[in-house]
Amino acid sequence: MKQIHKLLNLVLPAITILAICLMLPFLSVFKFTDFIFRSLFPENMKGKHLAYEYAKKGAYLTLIARREETLRKVADKAAQLGSPDVLVIPADVSKVDQCKQFIDEVVNHFGQLDHLVCNAGMVFHCAFEDATNLTTFEQMMDINF
Ligand SMILES: NC(=O)c1ccc[n+]([C@@H]2O[C@H](COP(=O)([O-])OP(=O)(O)OC[C@H]3O[C@@H](n4cnc5c(N)ncnc54)[C@H](OP(=O)(O)O)[C@@H]3O)[C@@H](O)[C@H]2O)c1
């Protein structure tokens with residue numbers, strides 16, 4: 001048994017290093033080609049609505065925003081496009097308790113959460129010295145982060 005262990009200790013590292021050396025050039029070429037291809041032909045997301053793209057791939061969806069009526073319209077279209085189940089939850093992402101609540105609701109409904117797309121956001125432009133009302137920044141930080 002000792003002899004076998006000794007032999008394996010000698011042979012296995014050598015085989016592993018050899019396999020890595022043999023595979024590395026192919027892997028590097030593949031990675032480089034893939035990188036060039038993705039740089040030259042990035043996926044065009046222009047005009048694409050993420051929920052609909054997920055729906056076309058047959059994903060289960062949860063749609064969250066404050067306006068329920070708008071969400072329902074998106075949910076109907078997503079279902080038509082191929083989503084087997086679309087859950088609509090009206091909520092405000094700037095409220096931590098509501099975030100916790102809808103995450104729980106999603107996990108309870110679907111059993112798991114695979115992708116979380118944090119798209120809700122707002123932008124506020126002004127020169128820093130012109131900003132007199134800091135509550136706007138607070139609101140922006142609460143929604144975006
Ligand atoms: N448009 C651009 O050119 C551009 C460029 C770069 C980055 N972005 C970023 O991309 C994201 C989406 O931009 P967009 O132009 O599509 O914005 P948008 O048209 O204003 O849509 C924002 C969405 O987020 C929801 N939302 C806003 N505040 C929310 C809150 N407190 N809780 C829950 N949902 C909320 C809105 O629904 P409700 O109002 O019903 O809640 C709406 O569906 C933003 O994060 C933005 O900063 C946009």
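The centres of domain 1 and domain 2 lie 43 Å apart, taken over C-alpha atoms. Domain 1 covers residues 1–42 and domain 2 residues 50–110 of the protein chain, with bounds from an automatic or database domain assignment. This is a predicted model, in which local features need pLDDT of at least 70 and side-chain atom pairs count only at pLDDT 80 or more, while totals for chains, interfaces and linings use all residues. Residues are numbered from 1 along each chain as its sequence is written, and side-chain values use heavy atoms, with hydrogens and water left out.

**Helices**
- Helix α1 (residues 2–40; helices are DSSP runs of H or I, at least four residues, and strands runs of E, at least two, numbered from the N terminus) reaches 56 Å from its first C-alpha to its last over 39 residues.
- That reach is close to the 57 Å expected at 1.5 Å a residue, the expected span being 1.5 Å times one less than the number of residues.
- At L24, shortly before the proline P25, α1 has a kink of about 35°, the angle between axes fitted to the seven residues ending there and the seven starting there.
- After α4 comes G111, with a positive phi near 90°.

**Annotated span**
- An unreviewed UniProt entry lists residues 7–30 as "transmembrane region"; such annotations may be inferred rather than shown by experiment.
- Residues 7–30 are 100% helix and 0% strand, with their end C-alpha atoms 34 Å apart.

**Lining of the largest pocket**
- Elements that each supply at least two lining residues include β1 (61–65) and α5 (135–144).
- α4 gives the largest share of this lining, six residues.
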